[in-house]
Amino acid sequence: MNRIFSGMQPTRQLHLGNYLGALRNWVALQNDYECIYCVVDLHALTLPQEPDVLRNNIREVAAAYIAAGLDPERNIIFNQSAVSAHAELSWILSCHAPLGWLNRMTQFKEKSQGKQANDAVLGLFAYPVLMAADILIHKATHVPVGEDQKQHLELARDVAGAFNRAYGQDYFPLPEPQILGEATRVMSLRDGTKKMSKSDTSDYSRINMTDDADTIAQKIRKAKTDPEPLPTAVEGLAARPEADNLVTIFAALADTSRADVLARFGGQNFSGFKKELVDLAVDRLAPITTRMRELTGDKAEIDRILKRGAERADAIASRHLAEVKDIVGLLRF
Ligand code: AQP
């Protein structure tokens with residue numbers, strides 16, 4: 001049976017990269033798979049968080065899922081910390097994950113940059129093992145993510161394989177990454193060589209899912225470009241990271257290809273293209289933003305959805321955790 005698992009961290013507001021690289025694909029997948037979508041709040045703790053802000057962000061991410069089109073009845077939507085089997089399996093898996101594998105993870109290197117080697121916290125280093133546990137506790141077969149998560153997914157497969165080999169059983173499926181759509185890696189609007197990211201200090205680097213139409217327009221107008229007109233073919237985007245990024249965003253929002261976008265705008269300067277991109281982005285995001293605002297206004301309803309989701313997720317996860325405990329030789333009473 002195919003089962004999807006994926007999640008987002010409730011660290012600040014979600015942005016267009018989260019939407020185009022992941023969330024939008026999740027919505028499409030709900031028609032064909034059994035889907036479990038998690039707000040990975042334990043992952044958020046790997047960087048310092050303000051407790052009240054974190055609580056709000058957890059609800060806001062859940063609201064974004066639903067506002068983007070995920071049906072909380074058809075899918076399981078819950079927050080990670082509400083199902084303790086995630087953290088328990090993470091410990092068991094961490095006993096099967098060699099340090100050498102974790103030392104290769106580029107996200108840890110990026111996020112611990114600027115810190116003395118011994119000041120980075122253990123949780124940040126162990127992040128990929130918790131992510132492996134999130135996926136494997138549900139025996140998920142497919143994981144839709146943006147391209148930046150590919151390395152972590154490979155680690156999850158390696159850890160699953162190491163566990164299976166250690167106990168001579170084909171217990172965990174090796175989860176397949178699903179890196180889908182035209183915009184698998186949306187870049188910063190200020191620097192086309194950097195990933196669009198929640199933690200970028202410049203708000204102008206990203207379009208947040210809560211931005212209003214004026215803010216979106218301003219950010220796209222100010223987005224970095226180069227002096228050349230848009231090329232007429234995709235090959236012409238090579239070595240033009242900012243142009244490539246804006247064309248990719250346009251293509252993803254319009255559900256078309258970069259070639260089609262260039263067939264329309266090739267040879268023109270950026271100003272007309274940017275005007276159309278503003279209209280398109282506002283058209284696609286405004287209904288989601290409006291729905292998100294309605295949902296976040298009703299905390300009790302979001303909490304009800306998360307609680308119900310946690311009960312459903314726990315029913316799957318507890319069963320698997322019990323099996324894992326039996327496999328490794330822990331006593332259950
Ligand atoms: N720029 C991006 N382009 C495409 N996909 C992206 N994703 C994130 N950024 C982009 C995908 O969104 C999903 C959820 O990501 P996350 O919230 O768990 O954390 P992240 O990848 O750490 O997101 P950020 O914005 O980059 O946060 P910070 O700045 O805190 O590191 C994942 O599927 C991810 O691939």
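Here's a quick tour of a ligand's surroundings and of some helices that pack against each other. Keep in mind that you're looking at a predicted model. The ligand has 21 residues around it, and the protein covers 97% of the 650 Å² of accessible area that the ligand has on its own. One helix, α1, turns up in both parts of the story: it supplies four residues of the shell around the ligand, and it also packs with helix α10.

**Who sits around the ligand**

- Out of the 21 residues around the ligand, the ones that come nearest are Asp148, Lys195, Ser197, Lys198 and Ser199.
- If you sort the shell by chemistry, you get eleven polar residues, five charged ones and five nonpolar ones.
- Strand β1 (3-8) and helix α1 (16-29) each chip in at least two residues of the shell.
- The largest share of the shell belongs to α1, with four residues.

**Polar contacts with the ligand**

- Serine 199 is one of the residues that come nearest, and an N or O atom in its side chain is 2.5 Å from an oxygen atom of the ligand.
- Histidine 15 has a polar side-chain atom that lies 2.7 Å from an oxygen atom of the ligand.
- Glycine 146 uses its backbone instead: a polar backbone atom there is 2.9 Å from an oxygen atom of the ligand.

**How the helices pack**

- To describe two packed helices, you give the angle between their axes and the distance between the axes.
- For α1 and α10 (residues 241-253), the angle is about 45° and the axes are 11 Å apart.
- That angle is neither under 35 degrees nor in the 65 to 115 range, so α1 and α10 are oblique to each other.
- The crossing of α1 and α10 is left-handed.
- Helix α10 also meets α12 (residues 270-296): their axes come within 10 Å and cross at roughly 40°.
- The α10 and α12 pair is therefore oblique, and α10 passes α12 in a left-handed crossing.

Note on methods: Residues numbered from 1 in each chain as written. Predicted model: local features only at pLDDT ≥ 70, side-chain atom pairs only at ≥ 80, totals over all residues. Heavy atoms only, no water. Near = heavy atom within 4 Å. Polar contact = N/O pair within 3.5 Å; in protein donor to acceptor, adjacent residues only side chain to side chain. Areas by Shrake-Rupley, 256 points an atom, 1.4 Å probe, with all protein chains shown as cover. Nonpolar A, V, L, I, M, F, W, Y, C, P; charged D, E, K, R; others polar. Axes fitted to C-alpha atoms, helices over the stretch in contact; angles between N-to-C directions. Parallel < 35°, antiparallel > 145°, perpendicular 65-115°, else oblique. Left-handed = near helix turned anticlockwise from the far one by under 90°.
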